[in-house]
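Welcome, and thanks for opening the viewer alongside this tour. We will move from one selection to the next, with a short note on what to look for at every stop.

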Amino acid sequence: MSEAKKLYERIVLPAKDQFNEELVKMQNSCSHAKLSEWIDEYWAPAHSTGYEVQHCNRCDKEIHRRTSCMVCGSKIQDEKIKQFTVEMCKKARAEGRTISLPVNGTYCIDCFNGNPPAKARSRFKQITTPFPKLSAEDLKRVKRISSTLHTK
Ligand SMILES: [Zn+2]
Ligand SMILES: [Zn+2]
């Protein structure tokens, strides 16, 4: 390790740890009374995450995030943002749902539940994928395969 790196580790790293500790304390005790404007969030320069975020002006904590529904385009915020994960896709199938939304897209509750507003119905049809219908024979086979996988 170079002398410069040693210097960095001796001086900067402990200061970073202390900063993070005190920042968390400040954020946990803050009432977040004044919030910033909505600003676009980037994961790298010029690469938007597709979200807008609002921070507390005093402690910098992110308080709200919002984005648009991929189907109907309505603004959705915080816990109203529904994501369709790979796990959910598996679960939906097991529960007998007939369609799958693009995985990791963001959806409003209505579109997520398969009830898009009238104006977005054709878009909903475009982006969803019907699960292939399984015959009783197929279902038996799937069960047999998955049970052998689980017993290993
Ligand atoms: Zn705050
Ligand atoms: Zn929607």
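Start with the core. Select Cys69, Met70, Val71, Ile76, Phe84, Leu101, Tyr107, Cys108, Cys111, Phe112, Ala120 and Phe124: these twelve residues make up the largest nonpolar core. Keep in mind that you are looking at a predicted model.

**The whole chain**

Now zoom out and colour by secondary structure. You should find five helices and eight strands, and walking along the sequence gives the pattern α-β-β-β-β-β-α-β-β-α-α-β-α. Of the 152 residues in the chain, 9% are buried. If you take the contacts between residues at least 6 apart in sequence, 43% of them join residues at least 24 apart.

**A core residue up close**

Go back to the core and pick one of its members, alanine 120. Where does alanine 120 lie? Look in the loop between α3 (109-112) and α4 (121-127). Alanine 120 counts as buried because 20 other C-beta atoms lie within 10 Å, and 20 is the number at which a residue qualifies as buried.

Which residues touch alanine 120, leaving aside its neighbours within four places in sequence? Show Val71, Cys72 and Cys111, and you have its contacts beyond that stretch. Val71 and Cys111 belong to the core set you selected at the start. Next, draw a distance from alanine 120 to cysteine 72: the two are 48 residues apart in sequence, yet their C-alpha atoms are 5.0 Å apart in space.

**The four-stranded sheet**

Select the strands β1 to β4 next. They form an open sheet in the order β1-β2-β3-β4, with antiparallel pairing. Strands β1 and β4 (75-77) stand at the edges with a single partner strand each, so one side of each has no neighbour in the sheet. Turn the view and you can follow the twist: neighbouring strands are turned by 40° against each other on average, direction ignored.

Begin at the β1 edge. Strand β1 covers residues 39-44, and the count of buried residues among its six residues is zero. Four bridges join β1 to the antiparallel strand β2 (residues 47-55). Pick alanine 44 and you will find histidine 47 of β2 opposite. The two strands form a hairpin with two residues between them, and alanine 46 in the turn has a positive phi of about 70°.

Then cross to the other edge. Strand β3 (residues 62-68) and β4 run antiparallel and are joined by three bridges. Here threonine 67 stands opposite isoleucine 76 in β4. Isoleucine 76 may look familiar, as it is one of the core residues from the opening selection.

**Two helices**

Select residues 3-29 to see helix α1. Its 27 residues reach 40 Å from first C-alpha to last, close to the 39 Å expected at 1.5 Å a residue. Place a label on glutamate 9, where α1 bends by about 35°. How many of the residues in α1 are buried? The count is zero, and the helix is hardly covered.

Last, select helix α2 (residues 86-94) and find lysine 90 in it. Is lysine 90 buried or exposed? Lysine 90 counts as exposed, because it has 11 C-beta neighbours inside 10 Å and the exposed class takes in residues with 12 or fewer. To finish, draw a distance to serine 100, which is ten residues from lysine 90 in sequence and 9.5 Å from it in space, C-alpha to C-alpha.

Terms used
Residues numbered from 1 in each chain as written. Chains lettered and ligands numbered in written order. Predicted model: local features only at pLDDT ≥ 70, side-chain atom pairs only at ≥ 80, totals over all residues. Contact = placed C-beta atoms within 7 Å. Pairing = 2+ DSSP bridges. Axes fitted to C-alpha atoms, helices over the stretch in contact; angles between N-to-C directions. Core = buried A, V, L, I, M, F, W, Y, C linked by C-beta atoms within 7 Å. Expected span 1.5 Å × (residues − 1). Bend = angle between axes of the 7 residues up to and from the residue.
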